[in-house]
Amino acid sequence: MNNEERLYQAIGEVDDELLERMEQAMAEQPTGRADRNRNKGRLLWQAALSSVLIAAALLLIFNDGLFNRDGNVTYTASGPVVDRAIGNEPSSSVVTPGNGQIVYFDSVRHAFETNKDSRTKYFVAIDLFADDMPLNVGSFDTHRELKRLQELGLQVGYAESWTYQGEGGQVDYLYAAGLLTAEQLKNFPASSEYGYAFRFATNADGTPVPAENGVRSESKAKIK
Amino acid sequence: MNSPSSSISESQDEKIIDLFWHRSESAIGEASREYGRYCYSISYNILRSTEDAEECFNDTWLRTWNAIPPQRPGNLSFFVGRIVRNLSLDKFRSKKAKRRGGEISPILEELSEAIPGGPDTESLVLDRELGRVINDFLRTLPESACNLFLARYWHSMPLAEIAAKFGVKENNIKASLFRTRGKLKEYLEKEGMQP
């Protein structure tokens with residue numbers, strides 16, 4: 001090992017405290033310029049993925065026109081919040097968004113396009129992806145991205161749903177969620193590092209997660 | 001990418017470390033899920049080879065398995081980050097990856113400027129002692145200069161990525177790193193870290 005390599009290796013042993021300070025400084029900076037530094041291959045890959053997504057979107061619109069002309073929106077009793085809508089839900093494999101891309105499940109799009117009240121908020125699950133892979137809700141990336149969106153004034157965070165566990169038991173779990181207006185959904189400030197899919201969340205038995213459950217800014221400890 | 005350092009990840013860290021500690025095989029899957037992307041990006045920065053980065057990435061979990069216990073890291077992300085960084089340096093050395101144009105070649109060239117007596121001297125006074133001196137040196141730097149130094153020489157980030165992460169122009173980063181390397185050389189000399 002030569003001296004440069006020894007020096008490089010020794011730098012690897014710096015205190016965690018200094019590394020944490022650096023990570024914190026990086027996390028506090030807005031992203032954006034990173035986009036311009038991505039390599040051409042990545043751009044080509046994204047362009048190809050965009051084509052696939054556009055084709056998938058056109059297919060879904062076509063299907064919607066054929067089978068769901070009277071899209072039915074259900075409102076909660078408590079106020080101008082939409083937390084569910086009836087529509088064609090594509091499978092998640094179809095709508096995996098690439099980095100910087102946004103996909104609205106059909107029911108979400110239908111809800112905000114048919115409801116003209118600009119004050120209405122939509123209680124949506126936000127599925128985050130990075131490089132085509134879904135992000136764990138407990139991951140640092142999810143936390144950091146939600147924090148960024150919160151700092152932009154969006155009411156996003158964590159909401160609670162439940163699923164089955166064991167023999168008939170139920171267990172709660174958290175997912176990323178938002179209470180967003182149609183305007184905020186349409187002009188969502190996507191980061192180039194992540195893909196976003198918006199859908200109305202359901203519990204394991206198919207019942208919608210009610211908007212009354214709310215969105216909280218921190219995850220606390222309950223992470224599936 | 002940043003490493004996890006939030007309260008969420010701290011609790012996740014403890015959970016994963018406990019799995020390793022109790023020899024649960026799910027520890028590797030959990031660690032990989034939580035820190036896989038982070039470790040891969042460190043290795044890929046160094047090697048610029050998908051195949052080699054994947055190999056280092058996979059070896060990281062075995063090394064972690066063998067290290068915990070007896071070790072119990074305070075911050076799991078930096079712990080696995082160090083492991084994958086060292087594995088990647090070993091891979092670089094064994095495969096002479098300089099030809100591939102990974103970030104490590106320019107980084108080592110840059111670091112040669114910080115070595116007392118120049119890069120051709122036989123051997124820097126080493127290794128544990130050197131680590132301590134570097135820690136002490138970094139604490140003498142302004143925070144911003146220290147952060148840029150670590151982004152470049154700990155994370156092995158390309159300059160363009162550092163510019164994006166910190167919102168600083170590349171030229172300013174180069175200038176800061178240049179000054180810091182000069183200061184490091186002086187500091188190493190002052191501390192007797194020379195052949």
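Me: In this predicted model, which residue of chain A stands opposite A:Gly195 in β9(A)?

Reply: A:Phe129 is the residue that stands opposite A:Gly195 in β9(A).

Me: What makes strand β5 (residues 121-130) of chain A and β9(A) a pair?

Reply: Two strands pair if DSSP finds at least two bridges between them, and β5(A) and β9(A) are joined over five bridges, in the antiparallel sense, so the criterion of at least two is met.

Me: How do you know that strand β4 (residues 102-104) of chain A also pairs with β9(A), and in which sense do they run?

Reply: Three bridges join β4(A) to β9(A), and since at least two are required, they count as a pair; the two strands run parallel, and A:Ile102 stands opposite A:Tyr196 in β9(A).

Me: Why is strand β9 (residues 195-199) of chain A called mostly covered?

Reply: A residue is buried if 20 or more other C-beta atoms lie within 10 Å of its own, and four of the five residues of β9(A) are buried.

Me: What puts the buried residues of helix α1 (residues 3-11) of chain A on the same side?

Reply: The buried residues of α1(A) are A:Asn3, A:Glu4, A:Leu7, A:Tyr8, A:Ala10 and A:Ile11; they cover an arc of only 165 degrees around the axis, and therefore lie on the same side of α1(A).

Me: How many helices and strands does chain B have?

Reply: Chain B has nine helices and zero strands, and buried residues make up 47% of its 195 residues. Of the contacts in chain B between residues at least 6 apart in sequence, 71% join residues at least 24 apart.

Key
Residues numbered from 1 in each chain as written. Chains lettered and ligands numbered in written order. Predicted model: local features only at pLDDT ≥ 70, side-chain atom pairs only at ≥ 80, totals over all residues. Buried ≥ 20, exposed ≤ 12 C-beta atoms within 10 Å, placed from the backbone. Contact = placed C-beta atoms within 7 Å. Arc of directions from axis to C-beta.
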